[in-house]
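Here is a quick tour for anyone about to set up calculations on this model. Have a look at the sequence and the coordinates first, and then we'll go through the contact between the chains and the backbone.

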2 protein chains.
Amino acid sequence: MIKGFPSTMNDDYQLNLWKIMDYAAKVHYDTEIVSYRNLQGGKIHNLSYKEVYDRIKRISNALESLGIKAGDRIAVLGWNDHRYFESYFSITGLGAVMLQLNQRLHLNDLDYILKHSEAKALLFDESLADIAKPLIKNNKLEFSILMSDDPSKVDVDIKGKLYNYEDLIKSFSPKKNYEEIDEKSAATACYTSGTTGKPKGVYYSHRSLILHGWSINTVMNIKPDDTFAAIVPLFHANGWGAHIAATMMGAKLVFPGRYTPESLANILLKEEVSVAAGAPAILIPLLEVLRKFDPKPKFNNLRFVSGATEPPLALMLQLKEFGINITHAYGATETTPLVTANLPKKKIKLLKEEEQIENARKQGLPVFGVEVKITDPAGNELPWDGKSIGELLIKGPWVAKQYYNDERSKEQFIDNWWKSGDAATIDPNGYVKIVDRIKDLIKSGGEWISSIDLENYLMAHPAVLEASVVGVPHPKWEERPIALVVLREEYKNKDFKELENLLKDHLSKRFAKWQIPDKIFFVNEIPKSSTGKFDKKTIRNLYKDALSK
Amino acid sequence: MIKGFPSTMNDDYQLNLWKIMDYAAKVHYDTEIVSYRNLQGGKIHNLSYKEVYDRIKRISNALESLGIKAGDRIAVLGWNDHRYFESYFSITGLGAVMLQLNQRLHLNDLDYILKHSEAKALLFDESLADIAKPLIKNNKLEFSILMSDDPSKVDVDIKGKLYNYEDLIKSFSPKKNYEEIDEKSAATACYTSGTTGKPKGVYYSHRSLILHGWSINTVMNIKPDDTFAAIVPLFHANGWGAHIAATMMGAKLVFPGRYTPESLANILLKEEVSVAAGAPAILIPLLEVLRKFDPKPKFNNLRFVSGATEPPLALMLQLKEFGINITHAYGATETTPLVTANLPKKKIKLLKEEEQIENARKQGLPVFGVEVKITDPAGNELPWDGKSIGELLIKGPWVAKQYYNDERSKEQFIDNWWKSGDAATIDPNGYVKIVDRIKDLIKSGGEWISSIDLENYLMAHPAVLEASVVGVPHPKWEERPIALVVLREEYKNKDFKELENLLKDHLSKRFAKWQIPDKIFFVNEIPKSSTGKFDKKTIRNLYKDALSK
């Protein structure tokens with residue numbers, strides 16, 4: 001590394017998460033933070049940045065008096081509400097690490113995470129007490145804290161020291177001057193929930209979270225007069241960092257708590273939400289709900305960043321009719337998560353509408369700060385020609401360079417590049433397209449078939465609510481694709497054989513004959529992972545003999 | 001400083017200026033960079049990011065072969081064209097420091113800057129050879145480089161080694177892999193051009209410039225499909241960092257070269273510029289030109305960040321009719337420069353239009369990352385009540401904590417806070433309003449009068465093109481305000497006594513009688529500093545006896 005001439009800038013000023021809250025509570029002190037807890041059995045909390053910051057400082061003082069020190073790990077189990085949001089600052093402001101627990105993981109995995117991280121304490125929502133109890137029983141936590149609107153109503157027969165969050169708020173002072181923390185210290189942590197093996201720990205630094213916040217604002221353009229809804233679970237890769245970006249800008253924050261598609265739709269409309277982020281797994285049922293509303297609801301340009309999986313074309317077009325505009329973005333737990341966002345270049349805007357839409361479905365351009373490349377299995381870089389398929393490798397200041405204390409780091413990192421496991425093309429304009437998970441690509445007669453392309457085109461058909469395509473063993477072609485389809489309500493009574501032919505005809509408009517699935521199975525539900533993605537490993541297992549006879 | 005738990009992020013990834021260009025040249029390789037040199041006697045250059053990056057790497061290789069090493073300072077004297085832009089990356093990519101020279105400074109000051117910085121080389125534009133020659137003669141530079149479209153036509157009888165920029169481009173390879181540079185190393189430098197004493201050196205780190213780039217994008221929201229015009233001189237506090245922010249986003253760049261208000265207006269229209277930044281000193285003559293165009297030109301929402309001085313209300317309203325929308329922002333050489341930007345909160349948007357406009361004239365909200373406070377002369381912090389006037393102090397990761405090798409650092413910095421010398425109020429909503437320079441506040445009979453408020457209200461009158469107000473000695477009241485006014489063309493033939501009464505009546509709509517200037521002088525020109533601000537020290541001197549008899 002080259003050392004140059006000394007600068008006269010305040011370069012030792014540390015980028016710390018608490019400074020975002022300190023800023024917002026001062027400059028945007030009376031901007032609202034609304035927290036819904038209806039479905040958790042609680043009430044709606046109407047707070048402000050100033051009030052929330054006071055609560056944060058009270059909890060910090062409480063944690064400190066309970067023995068928490070810089071570097072300690074504290075796990076949080078909860079829904080997207082003000083208390084979870086507060087823990088992003090109350091814990092990290094002490095230099096401790098806020099550990100995000102995905103409540104949908106198997107108990108064994110959650111237990112592993114607590115042990116692997118050596119967590120000292122657990123904060124849990126009243127509605128998740130049944131998950132918290134065995135975790136507390138099996139781990140040597142120093143204490144746990146119940147987050148509830150009315151603790152007296154909660155059955156918490158729990159081993160060890162238990163405190164009530166709101167009692168601590170009442171007992172401790174809101175006076176606190178946070179100290180500067182080395183910006184390279186971990187602030188939060190999230191364990192990946194892969195379908196194979198134990199979860200792997202990603203520990204995000206204060207620095208990475210703040211740089212990422214600025215970067216995501218180059219995509220979301222959040223402004224002080226925006227209303228941001230935190231839809232992505234705050235335990236999924238830092239809730240995609242969007243609530244951090246929104247706090248940086250002093251936007252009004254809306255936390256929907258535990259929600260159904262119906263309650264979410266109502267909250268988005270009532271609060272006049274103008275910017276949000278979430279996965280198609282949320283958007284698909286949300287659209288179904290909006291379609292049923294009478295009169296037809298209309299948002300005044302709700303900017304919605306969609307990630308996790310490619311949003312189906314039909315979904316994007318139909319949401320647009322409700323005033324919801326999708327920007328497709330891509331990232332992962334290991335990348336904080338923003339890697340690419342589909343911002344149109346001027347030359348794209350000059351294309352025919354059809355081609356523009358085609359382009360909008362791609363994962364998008366890498367944002368500045370993140371470097372990407374695609375490589376063949378030998379590690380050779382492949383060209384950005386829109387055709388070459390390789391594994392996507394990612395590097396940058398908010399990208400992991402290893403897993404915490406994990407042998408598997410060796411397999412997934414090389415020279416500070418993270419090997420994403422995603423098969424991608426990059427076109428000459430720099431737009432990344434994820435073709436498949438490398439392990440989900442289907443190899444049929446020596447040719448590659450992308451399961452994702454087939455799924456998305458299937459989901460563009462009006463009869464299809466969800467579709468998943470996997471490769472299963474075939475005596476002649478090695479592998480052949482099959483599809484699982486969940487039909488829309490109004491198609492469920494039709495003849496399945498006719499529907500299968502209809503969908504195959506639909507696919508043949510776009511795909512060569514050898515690419516079309518051999519069989520389409522109509523199912524009520526497609527197995528999903530804890531993060532809402534199709535669990536293709538399970539599907540492949542269930543259907544492994546589908547084409548064997 | 002607290003040390004926490006180790007993160008697993010790539011926290012040692014250095015934020016380097018060259019990575020912005022490396023990114024843009026890859027992801028936005030064919031996006032245009034247009035450089036106008038008509039008024040410098042050259043041609044229009046139509047380039048792309050890829051082509052400009054190739055040129056940058058060639059110049060880096062040339063500089064290296066000429067002996068330039070990390071840490072060396074290299075001065076640049078030029079207009080806003082592709083070559084100046086290139087030097088932001090070619091010099092800094094080597095770990096050397098790109099020193100911005102303000103061609104409008106006195107030769108003695110420029111000479112001082114070269115000696116104080118111990119510059120090793122000078123790059124200069126052909127049209128500024130007359131300034132370069134004595135500088136080269138009086139300094140022990142190792143070499144200098146002439147930037148010209150056609151060096152054969154330039155009279156350059158220059159002492160010492162002289163190279164032609166375009167010859168170097170031809171002679172050296174575009175192959176170059178930049179190394180990582182410690183992000184706390186200086187990348188660029190700018191000397192403040194205060195009216196008193198010698199210039200003071202501010203050296204910007206790679207880190208500060210990149211963080212600032214992200215931050216300015218939270219205000220300007222530059223997108224890949226934008227066209228950005230670099231109007232602020234690239235030697236004024238890094239051209240306000242806007243071209244760096246635009247490159248981060250891969251926007252089309254337009255460099256107007258040396259320009260007149262007419263040529264600038266034509267360039268903005270022809271290139272369909274959608275985002276820019278500049279001072280009212282540029283906007284005022286630009287508006288005059290646009291008013292003369294027939295048919296009336298109309299921009300499709302040109303987002304324009306206005307800084308340096310408060311934009312007059314009339315200017316903002318009239319530019320709006322041409323489709324130019326002003327966002328008022330504030331900063332200084334010592335702050336890279338962004339400190340505040342006038343983004344409206346939701347509660348501001350609910351106000352009556354008149355009150356909204358009133359608020360839009362303020363310097364705005366501090367952006368996240370920058371801390372501000374106002375203090376009394378004893379250093380006590382004053383409340384954010386919109387009334388208390390104090391000196392504005394500023395701290396943050398892109399704010400200087402000292403001047404380079406300068407005794408005066410002691411007076412202007414305290415605990416990493418920079419004392420701006422600006423008198424300001426901050427209202428409860430966090431909007432900063434610069435009332436005056438502390439030394440320009442007028443003290444009349446024990447009361448403070450803001451010269452800036454009077455100026456701005458004067459400039460809102462249709463007869464007034466420019467107005468400057470200063471306090472001059474008064475036998476009874478200690479000081480009293482007087483005004484200097486430049487009339488609009490169509491008012492220049494009117495009776496001056498009548499006009500004076502007219503303007504005093506105008507002021508009395510808003511100001512108390514004791515606040516209104518005793519005399520208004522109609523002049524052809526108001527003395528200005530090298531940065532285009534009113535030179536009040538000179539004005540006060542010229543008019544010091546105006547009220548003494």
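How many salt bridges does the rule find across the interface of chain B and chain A?

## The interface

Keep in mind that this is a predicted model. The rule finds twelve salt bridges across the interface of chain B and chain A. Take Lys26(A) and Glu381(B), which form a salt bridge with their closest N and O atoms 3.7 Å apart. Polar contacts between chain B and chain A come to 46 residue pairs, both residues being at pLDDT 80 or more. On the side of chain B that touches chain A, the elements giving two or more residues are helix H1 (17–27), strand S9 (200–205), helix H7 (206–220), helix H12 (346–349) and strand S16 (365–366) of chain B. H7(B) gives the most to that side, with nine residues.

How big is the whole thing? The size of an interface is often given as the accessible area lost when the parts come together. Here chain B and chain A bury about 7700 Å² between them, with 58% of it on carbon and sulfur atoms. The contact takes 89 residues from chain B and 89 residues from chain A.

## How the copies relate

A turn of 180° with a shift of 0.0 Å along the axis lays chain B on chain A, and the RMSD is 0.1 Å. The two copies are thus related as by a two-fold rotation axis. What's more, 100% of the interface residues of chain B are also interface residues in chain A, so the copies meet through the same surface.

## Domains of chain A

The domain assignment splits chain A into domain 1 (24–277), domain 2 (324–439) and domain 3 (441–542). Between the C-alpha centres of domain 1 of chain A and domain 3 of chain A there are 38 Å.

## Backbone spots to check

Two cis peptide bonds deserve a look. One runs from Asp294(A) to Pro295(A), with omega near 5°, and Pro295(A) sits in the loop between helix H10 (280–292) and strand S13 (302–306) of chain A. Another joins Thr336(A) and Pro337(A), with omega about 25°; Pro337(A) belongs to the loop between strand S14 (324–331) and strand S15 (338–341) of chain A.

Then there's positive phi outside glycine. Asn301(A) has phi near 60°, lies in the loop between H10 and S13 of chain A, and is partly exposed at a relative accessible area of 39%. In chain B, Ala308(B) shows a positive phi of about 75°. Ala308(B) is in the loop between strand S13 (302–306) and helix H11 (313–321) of chain B, and counts as partly exposed at 41% relative accessibility.

Note on methods: Residues numbered from 1 in each chain as written. Chains lettered and ligands numbered in written order. Predicted model: local features only at pLDDT ≥ 70, side-chain atom pairs only at ≥ 80, totals over all residues. Heavy atoms only, no water. Domains from an automatic or database assignment. Least-squares fit on C-alpha atoms with pLDDT ≥ 70 in both. Contact = heavy atoms within 4.5 Å. Helix = DSSP H or I, 4+ residues; strand = E, 2+ residues; numbered from the N terminus. Buried < 20%, exposed > 50% of the residue type's maximum accessible area, 1.4 Å probe, protein only. Buried area = accessible area lost by both parts, 1.4 Å probe. Salt bridge = Lys/Arg side-chain N within 4 Å of Asp/Glu carboxyl O. Polar contact = N/O pair within 3.5 Å; in protein donor to acceptor, adjacent residues only side chain to side chain.
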